[in-house]
Amino acid sequence: RMLAKYARVDFQVDTVGSGEGCLESLGRAACDLILLDHGLPDMSGLALLRILNARTSSPPVIMLTGQGDERIATDAMATGAYDYFPKDSITSDMLGHAIHQAVDKFRVENELLNQQLEGSDRVIFALASAAEAKDPATERHLQRMAGYAVRLGRALRLDERQLLLLRYGALLHDIGKI
């Protein structure tokens, strides 16, 4: 209802009533941002935020609470929330603006991370080649493993960033040989 009052942009809002419902919904479809209530029926908002942060492809989160509590605000921000608002003091303009800021910041951070990962290719391949050189009997083993891992990742419908990380992990799985 509050976002419907925000004049700048129409948001498509999907609602769920629990932490488990949120996780199930994210398993079915991607979203750009999560407005997370601290008081969920099945777990605390902070517990769900920790679960989301453990995933590699979770969207940004703005935490909302029924009452302003500085401890919850501090914990939410320390746990990875992009912003925090008590429900009784927020306006539609404040919330809409905060959503835009969080989504923009998240996109910039992801672009920077992807650039860093792409620049890491040379280092990863150099390390993988060094590991492979220690055991000539396993010629192209690391490239085959990386290919298999990426194919499995695609079958699991992982996103591109997750596939890249999976590929790097497969290339480096024999790094202990060095």
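Trainee: What does leucine 166 count as, given its relative accessibility?
Mentor: In this predicted model, leucine 166 counts as partly exposed, because its relative accessibility is 31% and the partly exposed class runs between 20% and 50%.

Trainee: And where is leucine 166 found?
Mentor: Leucine 166 belongs to helix α7, which covers residues 160-171.

Trainee: Which residues is leucine 166 in contact with, leaving aside its neighbours within four places in sequence?
Mentor: Those contacts are Ala149, Val150, Gly153 and Leu158.

Trainee: How far apart in space are leucine 166 and leucine 152?
Mentor: Their C-alpha atoms are 9.6 Å apart, with the two positions 14 residues apart in sequence numbering.

Trainee: At what angle do the axes of α6 and α7 cross?
Mentor: The two axes cross at roughly 150° and come within 8 Å of each other. An angle over 145 degrees counts as roughly antiparallel, and α6 and α7 are therefore described as roughly antiparallel to each other. Their crossing is right-handed.

Trainee: Which residues make the contact of α6 and α7?
Mentor: From α6, the contact involves Leu142, Gln143, Met145, Ala146, Ala149, Val150, Gly153 and Arg154. From α7, it involves Leu163, Leu166, Arg167, Ala170 and Leu171.

Trainee: What lies in the loop between α6 and α7?
Mentor: Arginine 157 is one of the residues in that loop, which follows α6 (141-155). The phi angle of arginine 157 is near 65°, a positive value in a residue other than glycine.

Trainee: Is arginine 157 buried or exposed?
Mentor: Arginine 157 is exposed, because its relative accessible area is 77% and the exposed class begins over 50%.

Trainee: Changing topic, how many helices and strands does the chain have?
Mentor: There are seven helices and three strands. Starting at the N terminus, their order is α-β-α-β-α-β-α-α-α-α.

Trainee: What about α1 and α2, how do their axes cross?
Mentor: The axes of α1 (residues 19-28) and α2 (residues 45-54) cross at roughly 25° and come within 10 Å. That angle makes α1 roughly parallel to α2, and the crossing is right-handed.

Trainee: Which residues meet in α1 and α2?
Mentor: On the α1 side they are Gly19, Cys22, Leu23 and Leu26, and on the α2 side Leu48, Ile51 and Leu52.

Trainee: How many aromatic pairs does a search of the whole structure find?
Mentor: The search finds one aromatic pair. The ring centres of tyrosine 82 and phenylalanine 106 lie 6.2 Å apart and the ring planes stand at 70°, so the pair is edge-to-face.

Trainee: Which parts of the chain does the pair link?
Mentor: Tyrosine 82 sits in the loop between α3 (70-79) and β3 (83-86), while phenylalanine 106 is in helix α4 (residues 92-119). The two residues are 24 residues apart, and the pair links distant parts of the chain.

Trainee: Is tyrosine 82 buried or exposed?
Mentor: Tyrosine 82 is buried, at a relative accessible area of 19%.

Trainee: Where does histidine 100 lie, and what does it touch?
Mentor: Histidine 100 lies in helix α4. Not counting residues up to four places away in sequence, histidine 100 touches Tyr6, Arg8, Val9 and Phe11. Histidine 100 counts as buried, with 18% relative accessibility.

Trainee: Finally, what share of the residues of the chain count as buried?
Mentor: Of its 178 residues, 35% count as buried. The chain exposes about 11,300 Å², and carbon and sulfur atoms supply 53% of that area.

Key. Residues numbered from 1 in each chain as written. Predicted model: local features only at pLDDT ≥ 70, side-chain atom pairs only at ≥ 80, totals over all residues. Heavy atoms only, no water. Phe/Tyr/Trp six-rings, centres within 6.5 Å; stacked < 30°, edge-to-face > 60°. Helix = DSSP H or I, 4+ residues; strand = E, 2+ residues; numbered from the N terminus. Buried < 20%, exposed > 50% of the residue type's maximum accessible area, 1.4 Å probe, protein only. Areas by Shrake-Rupley, 256 points an atom, 1.4 Å probe, with all protein chains shown as cover. Contact = heavy atoms within 4.5 Å. Axes fitted to C-alpha atoms, helices over the stretch in contact; angles between N-to-C directions. Parallel < 35°, antiparallel > 145°, perpendicular 65-115°, else oblique. Left-handed = near helix turned anticlockwise from the far one by under 90°.
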